[in-house]
Amino acid sequence: MKPRKLNKADSAKKLLRQARVASLGTLMPNGMPFVSLVNVATAHDGSPLLLISTLAVHTQNVLRDSRISLMVDERGYGNPLANGRLSLTGSLVSTTDAEDIRRYQARQPDAHVYASIHDFGYYRMVVEGGHVVGGFGRIFDVKPNEILTDIENARSFVKAEVDFVNHLNEDHADTCRLYATKLLGGKDGEWKCVGCDPDGLDLQLGRNALRLVFPQKVRFPGTLRKVLKQLAEEARAA
């Protein structure tokens, strides 16, 4: 199975899914911009998820004016300006959706500590636009439908995610390790799957995250098993 060649929008989508920290831009009461650092995860469709405190300036800003910007980057070595980054614009809304919360907690190991404090709450970004800098001279805009994932025709896949992730981690931990080290160039360690969606698989070792992009869009659990089996064979051969 040949890996899917990523176009510009696919690369931006991968960057968003792989991010675990972001710069959050909000508006002060006098209209001046305010930027802070936040942890981030993604919902099933790729919408950014945050866990923030009402005591924080950025949350107080959001409660007055929900318009925000959010920037994620590759966090690579060398000159940071040569690495890719994605800036999103939109609004931030409170969420109590159980799946949003579960997916955030799976990607942020310390989330349960903060979530237990009464002034912290979960928020979901409604993405309205995006701007990508893929490095020097590689600059372009992306629309929401180019970086988010349509899950309307993949409901059975979404419903099966928890059972599948648990099965992969409990019975195929060695395969997760192979995906990370052989296919994605990650360092050796006890990698685990923290989620999957029609476009790819999210792998994590501590706070190090990698994204395994599927060679094709997957909408059904049966197809997912076949794709991951083939990818595992490629990893073993490597």
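1. In this predicted model, L88 touches L16, P48, I68, S69, L70, M125, V127, G129, G130 and I147, once residues up to four places away in sequence are left out of the count. L88 also belongs to the residues with the most contacts inside the largest nonpolar core, a group that further holds V38, L50, L70, L86, L92 and M125.

2. That largest core has 25 residues, and the elements that give two or more residues to the core are α1 (8-18), β1 (21-27), β4 (48-53), β5 (67-73), β6 (85-94), β7 (120-133) and β8 (139-142). Strand β7 gives the most, with four residues. A second, separate core of 23 residues includes A154, W191, F214 and L231. As general background, nonpolar side chains in soluble globular proteins tend to be buried together.

3. In helix α2, which spans residues 57-64, the buried residues are H58, T59, N61 and V62. These four sit on the same side of α2, because the arc they cover around the axis is only 160°. In an α-helix there are 3.6 residues a turn, so residues three or four places apart point the same way. The cover over the buried residues of α2 includes β1, β2 (33-39), β4, β5, β6 and β7.

4. On the surface, V113, Y114 and I117 form a nonpolar patch whose accessible area is about 250 Å² together. I117 is located in the loop between α4 (111-115) and β7, and with a relative accessible area of 34% this residue counts as partly exposed.

5. A search of the whole structure finds 14 salt bridges. One of them joins D100 to R124, with the closest N and O atoms 2.8 Å apart; since D100 lies in helix α3 (residues 98-107) and R124 in strand β7, the pair ties together parts that are 24 residues apart in sequence. The two partners can also be described by their accessibility: D100 counts as buried at 5% relative accessibility, whereas R124 is partly exposed, with a relative accessible area of 23%.

6. Helix α3 takes part in another salt bridge, that of R102 with E161, for which the closest N and O atoms are 2.6 Å apart. This pair links distant parts of the chain, given that E161 is in helix α7 (residues 161-171) and R102 in helix α3, 59 residues apart. E161 is buried, with a relative accessible area of 1%, while R102 is partly exposed, with a relative accessible area of 23%.

7. The side chains of D199 and K217 likewise meet in a salt bridge, at 2.5 Å from N to O. Here both partners are in loops: D199 lies between β9 (192-197) and β10 (200-205), and K217 between β11 (208-213) and α9 (221-237), so the pair ties together parts that are 18 residues apart in sequence. D199 is buried, with a relative accessible area of 2%, whereas K217 counts as partly exposed at 31% relative accessibility.

8. Finally, there is a salt-bridge network to consider: R17, R107, D197, D202 and R211 are joined into one network by salt bridges that share partners.

Conventions
Residues numbered from 1 in each chain as written. Predicted model: local features only at pLDDT ≥ 70, side-chain atom pairs only at ≥ 80, totals over all residues. Heavy atoms only, no water. Core = buried A, V, L, I, M, F, W, Y, C linked by side-chain atoms within 4.5 Å. Buried < 20%, exposed > 50% of the residue type's maximum accessible area, 1.4 Å probe, protein only. Contact = heavy atoms within 4.5 Å. Arc of directions from axis to C-beta. Patch = residues over 30% accessible without salt bridge, like charges linked within 9 Å, V, L, I, M, F, W, Y side chains within 5 Å. Areas by Shrake-Rupley, 256 points an atom, 1.4 Å probe, with all protein chains shown as cover. Salt bridge = Lys/Arg side-chain N within 4 Å of Asp/Glu carboxyl O.
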